[in-house]
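User: I am new to this structure and should like to understand how its parts pack together. Please take me through it in questions and answers.

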Amino acid sequence: SLIVITTIIYGFQYLQTATTHTDTLFILGGKINVLISAGQVWRLVTPVFLHASSPHLGFNMYALYFIGRNLERFYGHGRFLLLYFLGAFGGNVLSYVLSPANSIGASTALFAILAAEGVFIYGNRKLFGPQRTRQMITNLVVVTLINLSFGLIPGFNVDSWGHIGGILAGIFFAWKAGPILRI
């Protein structure tokens, strides 16, 4: 559902921008610090539905599908949705506090999902066994570090603080509300 809703919103965003040459949806819902400071706090969540380009949307929705669907099976729909939006909120809050740059995208929530998956694996390490747990955690750390490294490339316009905030929110939520499987 998140993929469908986000894709539909991006479709409106794309068509509206192509016809008017103004990204009105970004203006109404992007992470713009001066407007958040003026009381528009919905901007701490709404950027998760907006994207800067088709590849930006494609990469994020691909990650949501392949990473999110596995974790959602264990979390359940409601708890997974809460994780997603808490990750978006946590990422945008940290970005608001530490970065003056405007931003949009679902990656704040996606980094929360990556972090929550790591906590899930660690919390269920007895079930997975030491070698499998180590492999899965290593894979997640590598994927996370590769994605965080894009923020270091000049011109990529990546909101690294948003990603880090998403990770912290995902760890917090998963630690407090993540599922533990019984052997």
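The questions below concern helix packing and the nonpolar cores of this predicted model.

User: How is α4 oriented relative to α6: roughly parallel, roughly perpendicular or oblique?

Analyst: Helix α4 spans residues 54-75 and helix α6 spans residues 107-123. Their axes lie 10 Å apart and form an angle of about 40°. Angles under 35 degrees count as roughly parallel, and 65 to 115 as roughly perpendicular. The angle therefore makes the orientation of α4 to α6 oblique.

User: Which class of residue, nonpolar, polar or charged, supplies 11 residues to the contact of α4 with α6?

Analyst: On the α4 side the contact includes L64, I67 and L71, and on the α6 side it includes L110, I113 and E117. Three residues of this contact are polar and one is charged. The class with 11 residues is nonpolar.

User: Which helix gives the largest share of the largest nonpolar core?

Analyst: This core has 23 residues, and L64, L71, Y75, F80, L83, Y84 and I113 touch the most other members. At least two residues each come from α1 (2-20), α4, α5 (77-98), α6 and α9 (160-177). The largest share, seven residues, is that of α6.

User: Which residues does I113 contact, leaving aside its neighbours within four places in sequence?

Analyst: I113 belongs to the α6 side of the contact with α4. It is also among the core residues that touch the most other members. With those sequence neighbours left aside, its contacts are L64, I67, G68, L71, F80, L83 and Y84.

Note on methods: Residues are numbered from 1 along each chain as its sequence is written. This is a predicted model: local features need pLDDT of at least 70, side-chain atom pairs count only at pLDDT 80 or more; totals for chains, interfaces and linings use all residues. Side-chain values use heavy atoms; hydrogens and water are left out. Axes are lines fitted to C-alpha atoms, for helices over the stretch in contact, and angles run from 0 to 180 degrees between N-to-C directions. Helices (H or I, at least four residues) and strands (E, at least two) are DSSP runs, numbered from the N terminus. Angles under 35 degrees count as roughly parallel, over 145 as roughly antiparallel, 65 to 115 as roughly perpendicular and the rest as oblique. Contact means heavy atoms within 4.5 Å. Ala, Val, Leu, Ile, Met, Phe, Trp, Tyr, Cys and Pro count as nonpolar, Asp, Glu, Lys and Arg as charged, and the others, Gly among them, as polar. A nonpolar core is a set of buried Ala, Val, Leu, Ile, Met, Phe, Trp, Tyr and Cys residues joined through side-chain atoms within 4.5 Å. Buried means under 20% relative accessible area, exposed over 50%, partly exposed in between (1.4 Å probe, protein chains only).
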